[in-house]
Every structure is written in structure tokens, then in C-alpha cells.
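These are my notebook entries on a single chain, made while looking through its packing, its aromatic pairs and its helices. I began with the nonpolar core.

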Amino acid sequence: MSFRPIFEAHLWDDIKASIYAKTAADVERALAAPCRTLDDFKALISPAAAPYLERMAQLSHRLTRQRFGNTMQLYVPLYLSNECQNICTYCGFSLDNKLKRRTLSSVEMLAEAAVLKGWGYDHVLLVTGEANQTVGVEYLEKALQTLRPHFAHLSMEVQPLDQADYERLIPEGLNTVLVYQETYHQEDYKKHHPKGKKSNFQYRLDTPDRLGRAGIYKMGLGVLIGLEDWRTDCFYTALHLDYLEKTYWQTKYSLSFPRLRPAQGLLQPKVEMSDRELVQLICAYRLLNEEVELSLSTRENPAFRDQVIKLGITSISAGSKTNPGGYAVAPESLEQFEISDERSPAEVAAMLRRQGYEPVWKDWDAALA
């Protein structure tokens with residue numbers, strides 16, 4: 001099984017045209033449907049749905065509360081390395097960006113972990129650049145072994161790996177893998193990834209299939225909003241999710257929607273997404289899929305995050321640093337991108353409680369499996 005035949009059967013220009021052709025009547029039908037389809041999703045992300053945002057938000061809020069209650073998962077990224085062999089036009093870690101490279105040792109990982117544990121975290125997302133020789137499978141295995149005794153849930157956002165590599169890492173405590181396609185527009189993908197292993201569009205596209213076959217507990221999908229038309233890219237994300245849920249039904253899924261943020265040496269977004277449009281997308285995803293987890297990072301500003309968490313979000317980061325050693329070892333090193341919400345985890349947790357949410361610091365425990 002592979003997503004590739006389904007992807008190739010959906011031509012970008014045709015999908016884009018069908019989204020922009022949706023009418024108010026299509027939106028009305030989608031909102032009234034007891035079980036929504038991918039065609040309904042097109043209507044809900046279309047320009048025609050803009051006047052229905054309040055109605056979408058109310059439905060999304062109700063569905064999220066019914067499924068997830070009043071809990072909000074808190075997680076934090078732990079950057080292990082900024083070494084990277086890829087050239088990516090939007091990333092501060094790009095190979096052609098002149099910066100001091102750093103990869104944390106096991107001792108330094110533990111120093112970073114001590115800060116995060118002190119804040120209350122039990123769910124950590126391990127992040128690296130894509131450098132096989134430096135932060136390959138052996139390094140990742142050692143990182144999991146080092147950190148596993150200290151955290152209940154370890155996620156990774158690193159280079160795509162082979163199925164056998166995932167099968168090697170899962171027993172070491174790997175619970176979740178985030179792998180973003182960046183953009184499903186094949187030609188533009190090449191423009192943004194001209195050098196390195198990441199330039200292989202098909203290998204990246206097949207990564208969720210390799211994860212599913214390896215038996216990963218949870219995987220996260222998404223695109224980098226701003227590289228291409230966001231509506232079309234996000235339809236492909238929904239299409240990919242639909243295939244994965246049907247094929248690897250024992251795996252859990254999450255979606256993220258990072259908007260392109262400033263970083264040293266980066267391009268400007270090709271397509272700007274407004275705050276209202278991001279709300280529309282979040283609500284559309286929730287109306288399509290009541291089970292999927294929706295995550296919002298510190299890329300977004302505090303005021304926006306405080307408002308939008310009510311509309312479908314189930315997990316957020318807080319206190320994030322996007323540089324290796326950013327919490328304790330090397331706080332002045334270059335970040336991958338600039339964050340917007342700089343509040344401490346305690347401040348974000350207090351905000352959640354004021355809004356009637358229970359902050360959850362621990363995502364999943366092997367003892368419950």
C-alpha cells in the first residue's frame with residue numbers, strides 16, 4: 001500500500017480550481033452534513049466559506065469539547081542539533097546559511113531536560129536538522145536512550161528514515177513522529193529544496209507509509225503555510241490523512257499548520273494567510289475529522305493563541321526555544337525560526353485555567369498500552 005497512486009490521481013490545478021469554484025450552497029450542505037467528506041472539506045476551506053466563520057467556529061468548539069473534553073496537551077521542542085545537509089529556502093538551519101553548528105552531547109541533553117522537567121513537562125519533541133553522518137539513526141537511538149528515563153512521551157521531528165530505522169527506534173521509546181511534506185506542489189517543492197536528501201519529493205511523501213508499517217503510535221502531518229496556495233496544500237494534507245487513517249487505523253494522528261516565520265536568510269511567503277483564514281482552516285479540519293489532534297505552536301502570537309484554542313486546538317507548545325541548547329547549554333545560538341509567543345509554560349498554563357481548560361503535561365504512558 002502507498003499513498004502515491006492516490007496523490008498522482010489528484011492533479012494540483014484541478015484540485016485548486018475545484019476549491020475556488022465552491023459556492024455558498026456547497027458550504028451550507030457541508031455544514032448540514034452529519035458526516036463530512038473531502039468534497040465538503042473543499043467547500044469549508046474555500047473563499048465561499050468566509051461568511052460562515054462564526055458558525056464553523058461554534059460547531060468546531062462543540063465537537064472538540066465532546067471528543068477531547070476540557071483538556072489541553074502541553075508539549076515542548078528540544079532541539080538537539082542544527083547541523084543539516086539540505087538547502088531549504090525557508091529554514092535557518094539550511095546548509096548555505098553561515099552559522100555556528102552545534103550538536104548536543106548526552107550530558108548536554110540531560111542539562112536541557114532538567115530545565116524542561118523543572119517546568120513540569122513530560123512530553124518532549126526532539127528536533128534536529130537533517131544530517132545523516134552527525135545525527136543519523138545511531139545518534140537518535142542514543143538520544144532516546146538518554147532521555148527515555150526522564151519523560152513519559154518522546155516525539156521526533158527529524159529527517160525521514162527507512163522503515164527498519166523506525167522499527168529500531170520505537171522499542172527505545174519513540175512514540176510519535178512528525179513529518180511535514182512542506183508542500184504537496186511537486187514543482188515548487190523542487191524550488192525550495194534544491195540540494196540534499198530532502199530534495200527527494202517521493203521519499204518524503206512515502207514516509208508516513210513507512211511509519212505506519214513500522215507500527216508507530218502516532219504521526220503528525222502538515223505543510224508549511226506560505227510556500228504555495230494554502231487551500232490546495234491543506235486539501236492534500238486532508239487527503240493524505242484520510243488514506244492513512246483507513247490504511248493504518250491503529251495509529252493516532254495529529255495535524256499542525258505552521259505559517260512561514262522570519263529566520264535568517266529566508267524567503268518571504270509566496271502566499272499570505274490571514275488570522276481569519278487560519279481559523280477557517282482549523283475549524284474545517286475539525287468539522288472533517290472529530291478524532292484528529294490539532295496542534296498550535298509558539299509561531300503564533302499570544303493574543304491569537306488565547307482566542308483560537310477554543311475553536312478546535314487540542315495541543316500547544318509553550319516556552320519553546322528553536323536552537324540547540326536554547327534552554328540551558330547555549331541560549332544565544334541561532335534559532336531555526338523566530339517564535340512569537342514568548343510566555344513561560346507557567347503563564348500559558350495559567351491562561352488555559354482561566355479559560356476553563358486543564359493543562360495536561362503528560363501525553364501517553366507505556367504502562368497504559
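**Entry 1. Nonpolar cores**

I worked from a predicted model. I looked up the largest nonpolar core and found that it has 101 residues. Those with the most contacts inside this core are Leu74, Phe257, Leu281, Tyr285, Ile313, Ile316 and Leu352. Helix α12, residues 230-247, supplies the largest share of the core, nine residues. Apart from it I noted another core, of 14 residues, which includes Phe93, Leu125, Val127 and Leu227. As background, I recorded that nonpolar side chains tend to be buried together in soluble globular proteins.

I then listed the contacts of Phe257, leaving aside neighbours within four places in sequence. Phe257 is in contact with Ile225, Leu278, Leu281, Ile282, Tyr285, Leu294, Ser295, Leu296 and Ile313.

**Entry 2. Aromatic pairs**

How many aromatic pairs are there? I obtained a count of 14. One of them, formed by Trp119 and Tyr327, is edge-to-face, with 5.6 Å centre to centre and 85° between the planes. This pair links distant parts of the chain, its members being 208 residues apart. Trp119 belongs to helix α6 (residues 106-119), and Tyr327 to the loop between β8 (315-317) and α15 (345-354).

Are these two rings buried or exposed? Tyr327 counts as buried because its relative accessibility is 12%, under the 20% cut-off. Trp119 has a relative accessible area of 34%, and I therefore entered Trp119 as partly exposed, between the limits of 20% and 50%.

I next examined Phe257 and Tyr285, which form a stacked pair at 6.2 Å centre to centre and 20° between the planes. Phe257 lies in the loop between β6 (252-256) and α13 (275-288), while Tyr285 is in helix α13, so the pair ties together parts 28 residues apart in sequence. Both Phe257 and Tyr285 are buried.

I also found a cluster linked by ring pairs, made up of Phe3, Phe7, Trp12, Tyr184, Tyr189, Phe201, Phe235, Tyr236, Tyr243 and Tyr248. Phe235 appears again in my check of charges over rings: the charged end of Lys42 sits over its ring, 5.1 Å from the centre. The charged end of Arg67 likewise sits over the ring of Phe68, 4.6 Å from the centre.

**Entry 3. Helices α11 and α3**

I looked up burial in helix α11, residues 207-214, and found it mostly covered, with seven of its eight residues buried. These are Thr207, Pro208, Asp209, Arg210, Leu211, Gly212 and Ala214. The buried residues of α11 pack against helices α8 (163-169), α10 (201-205) and α12, and against strands β4 (174-178) and β5 (218-222). Just after α11, Gly215 takes a positive phi of about 85°.

Which residues of helix α3 (residues 24-32) are buried? I recorded Asp26, Val27, Ala30 and Leu31. Viewed down the axis of α3, these buried residues fall within an arc of 135°, and therefore they line one face of the helix. I related this to the general rule that an α-helix has 3.6 residues a turn, so residues three or four places apart point the same way. On the other side of α3, Arg29 and Ala32 are exposed. The buried residues of α3 pack against α4 (38-45), α5 (53-68) and α13.

**Entry 4. Val76**

I located Val76 in strand β1, residues 71-79. Val76 is buried, with a relative accessible area of 0%. Not counting residues up to four places away in sequence, Val76 touches Leu116, Tyr121, His123, Val124, Leu125, Ala318, Ser320 and Tyr327. Of these, Tyr327 is the partner of Trp119 in the edge-to-face pair, and Leu125 is among the residues of the 14-residue core. I also checked Val76 against Cys283: their C-alpha atoms are separated by 24 Å, and the two are 207 residues apart along the chain.

**Entry 5. The whole chain**

I closed with the overall values. The secondary structure comes to 15 helices and nine strands. The radius of gyration is 20 Å, close to the 21 Å that the globule rule gives for 369 residues, so the chain is as compact as a globular protein of that length. Its C-alpha trace spans about 60 × 45 × 40 Å along the principal axes. Buried residues make up 59% of the 369 residues. Among contacts with a separation of 6 or more, 76% are between residues 24 or more positions apart.

Methods. Residues numbered from 1 in each chain as written. Predicted model: local features only at pLDDT ≥ 70, side-chain atom pairs only at ≥ 80, totals over all residues. Heavy atoms only, no water. Core = buried A, V, L, I, M, F, W, Y, C linked by side-chain atoms within 4.5 Å. Buried < 20%, exposed > 50% of the residue type's maximum accessible area, 1.4 Å probe, protein only. Helix = DSSP H or I, 4+ residues; strand = E, 2+ residues; numbered from the N terminus. Contact = heavy atoms within 4.5 Å. Phe/Tyr/Trp six-rings, centres within 6.5 Å; stacked < 30°, edge-to-face > 60°. Lys NZ or Arg CZ within 6 Å of the ring centre and 35° of its normal. Arc of directions from axis to C-beta. Rg over C-alpha atoms; globule rule 2.2 N^0.38 Å.
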